[in-house]
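Biologist: I'm new to this one, so could you pick a single part and walk me through it slowly? I'd like to hear how that part sits among its neighbours.

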Amino acid sequence: MSNGRVQETMALEVSNLWKSLCADLFAHTDDAFLEEFRRPGGANNRLAAWDPLDKTMRYFKFLLYAAAERQPERFFALYRALGKVDLGQPVAVTLRSCEINIDYFLSIDEFLFLESAIDLQSIRSIVEIGAGFGRTCHTLLALCGAGQVEQYSIVDLPQVLELSRRALEKLIPQHYRKIRFIDATNETNWRGLTADLAINIDSFQEMPPATIDCYMSRMVSNCRHFYVKNPIAKYEPKTIGLTAVDSDKLQDVLSLWYCSDVIDIFNDVSLEKARPNYIEAYRPASSWQLVAARPMEMFSYYHHA
């Protein structure tokens, strides 16, 4: 079609960015280029998608934001009830007036699982093995600690206990008197300790099996309930893009914790096959009954039980 006027021909202006890319990255689109241009670190990140090896926080923040978007309103109500959650300057995303960081996202998810599995109103004492900076202690005492939980014992390494002491004193000063900090390196400090609820989240995977055995037989088995959330298996570093791995350090990691099978953690069939073994591995004794279990939503190779 024509409007009856003479059309002028003009050169399309190309950005300096794409002038550079065409002269460099796309200068030779030969067979060798086609064989690998979509690999991590390849040219496809300029064409269709971000590179899996992107060094920014965007993937992490998108993952956290997407996971938070799927949560029910109760999740946000509980999150608001925690009070201060920004100690240490964590990365956060904002939804429904909540500054959500991954530590407390996980804590609320764990709380909701526990609430669905057992009668939290009946819990008067808790012992946690390996508490990190104390996010689980903060969450449980803030959400069900007023006049209910009378004692929360943290068993951890001395250096980490110093961190949790200082952090929890700032985070929940109103409940701080209920917390006991117990040195894990001296078994006489915690052997025979009892509680209504024993907890281990993501730290048994960093212990030798004999150490876990000791905790299970000499403390966990004395408790009324046991909640565990750990990985269900191990994986090859190359599956997450790690290639330069020290073989001695890798063998050390592979020797830790109960669930030592190496699987593809990004394959649903492999994950489902590994879950029953995880459940049985962490059953404190044959007399203990499983009351609830489910995969973790955000990272499905972790499992609540």
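Modeller: Sure, let's look at helix α5 and its partners. The axes of α5 and α6 come within 9 Å and cross at roughly 55°, so the two helices are oblique to each other. Their crossing is right-handed. Keep in mind that this is a predicted model.

On the α5 side, the residues that meet α6 include Tyr 104, Ile 108 and Phe 111; on the α6 side, Arg 135, His 138 and Leu 143 are among them. Sorted by type, the residues of this contact divide into 8 nonpolar, 4 polar and 3 charged.

As for α6 itself, which spans residues 135-144, 9 of its 10 residues are buried, so this helix is largely enclosed by the rest of the structure. Among the buried ones are Arg 135, His 138 and Cys 144.

Now for another neighbour of α5. Helix α4 (residues 73-81) and α5 (residues 102-117) have axes that come within 10 Å and cross at roughly 115°. This crossing, too, is right-handed. Here α4 brings Arg 74, Phe 75, Leu 78 and Tyr 79, while α5 offers residues including Tyr 104, Phe 105 and Glu 115. That contact divides into 8 nonpolar, no polar and 2 charged residues.

Phe 105 deserves a stop of its own. Leaving out residues up to four places away in sequence, Phe 105 touches Leu 64, Ala 67, Ala 68, Gln 71, Phe 75, Tyr 79, Ile 100 and Met 298. Phe 105 is also one of the residues with the most contacts inside the largest nonpolar core, which has 84 residues. The largest share of this core, 9 residues, comes from α5.

Definitions and conventions
Residues numbered from 1 in each chain as written. Predicted model: local features only at pLDDT ≥ 70, side-chain atom pairs only at ≥ 80, totals over all residues. Heavy atoms only, no water. Buried < 20%, exposed > 50% of the residue type's maximum accessible area, 1.4 Å probe, protein only. Helix = DSSP H or I, 4+ residues; strand = E, 2+ residues; numbered from the N terminus. Axes fitted to C-alpha atoms, helices over the stretch in contact; angles between N-to-C directions. Left-handed = near helix turned anticlockwise from the far one by under 90°. Contact = heavy atoms within 4.5 Å. Nonpolar A, V, L, I, M, F, W, Y, C, P; charged D, E, K, R; others polar. Core = buried A, V, L, I, M, F, W, Y, C linked by side-chain atoms within 4.5 Å. Parallel < 35°, antiparallel > 145°, perpendicular 65-115°, else oblique.
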